[in-house]
Amino acid sequence: MPRGPENPGTCAYCGKVITKRSVSKHLVKCSKWQETLVAAETSSQPVETLWHLRVQDAYDKDFWLVLEMRGQTPLAKLDDYLRAIWLECCGHLSEFTIGGWGGIRVGKSRKANSTFGPGLVLRHLYDFGTTSETDIKVVGFREGKATSKHPIALLARNRMPEMVCQECEQPASWLCLECLYEVDEPGMWFLCDEHVKEHPHNEYGEPIALVNSPRLGMCGYTGPAEPPY
Ligand SMILES: [Zn+2]
Ligand SMILES: [Zn+2]
Ligand SMILES: [Zn+2]
Ligand SMILES: [Zn+2]
């Protein structure tokens, strides 16, 4: 839905507010990230290729992540990461593709190094019924040591999109599923802490708390939308 200018995010290292396109430029200047890299170079980790990925919901560009993925990591670990931070509701099937539905399937045992190259875009499909579609674009790589023992590191993430209450236009923190499914007008689905109390709808259950995920309100998804590590 249109929400004005692009939704910015924050650097996971210094907390600075940045746009999705300025993440790479920011990291070069980010003293916290640079310190982290220097510390990593003294570790016993191997030198390897680390891929920088821009992840975004295919239909709602307000939701985006920038990740660093180790070259020897299979795509299954990226699937796990996306499930944890954005998608997992009831253990649905998922797959990576080039081209989305009807495109080329890319197996989850494939490693980052044998899959990624400059400009590649994978589309990840989660749940073949109420599908969440996520684009993963390769925006760069570095040769060096990983900053942690985990296969993936979060470099930046969108800020929670600001929604307003359908009643009073104050900041909202709840989503009414009945409004979402039955009211056609975008944006008239949200409620503030006050107006959620007297909201009459419960056809699809009680209103759910807003979390920072593009899957909110799809299938049974209610969060927590937290990174796995
Ligand atoms: Zn920073
Ligand atoms: Zn589900
Ligand atoms: Zn309100
Ligand atoms: Zn409602």
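Which protein donors hold the zinc ion (ligand 1), and how many Å from it do they lie? I looked at this site before anything else.

**Ground rules.** I am working with a predicted model, where local features need pLDDT of at least 70, side-chain atom pairs count only at pLDDT 80 or more, and totals for chains, interfaces and linings use all residues. Residues are numbered from 1 along each chain as its sequence is written, chains are lettered from A and ligands numbered from 1 in the order in which they are written, and side-chain values use heavy atoms, with hydrogens and water left out.

**Zinc site.** I found Cys 11 (SG), Cys 14 (SG), His 26 (NE2) and Cys 30 (SG) as the protein donors, lying 2.1 to 2.3 Å from the zinc ion (ligand 1). Donors are N, O and S atoms within 2.8 Å of the metal (3.2 Å for Na, K and Ca); water is not among the atoms, so sites may look incomplete. I read their spacing along the chain as C-x2-C-x11-H-x3-C. Cys 11 sits in strand 1 (residues 9–11) and His 26 in helix 1 (residues 23–29), so this pair, 15 residues apart, links distant parts of the chain. Helices (H or I, at least four residues) and strands (E, at least two) are DSSP runs, numbered from the N terminus.

I checked the geometry next. The angles among the four donor atoms are 100 to 117°, and the site is tetrahedral. Four donors earn that label if all angles lie between 85 and 135 degrees.

Are Cys 11 and His 26 buried or exposed? Cys 11 counts as buried because its relative accessibility is 3%. His 26, at 8%, also counts as buried. Buried means under 20% relative accessible area, exposed over 50%, partly exposed in between (1.4 Å probe, protein chains only).

**Sheet.** I traced an open sheet of three strands in the order 11-10-12, with antiparallel pairing. Strand 11 (190–191) and strand 12 (208–209) are the edges, each pairing on one side only. Two bridges join strand 10 (residues 174–175) to strand 12. Two strands pair if DSSP finds at least two bridges between them. I found Trp 174 opposite Ala 209 in strand 12.

**Whole chain.** I counted four helices and twelve strands. The C-alpha trace spans about 60 × 40 × 25 Å along its principal axes. Of the 229 residues, 50% count as buried. Residues 24 or more positions apart account for 66% of the contacts (heavy atoms within 4.5 Å) with a separation of 6 or more.

Terms used
Tetrahedral: all angles 85-135°; square planar, octahedral: opposite > 155°, others 65-115°.
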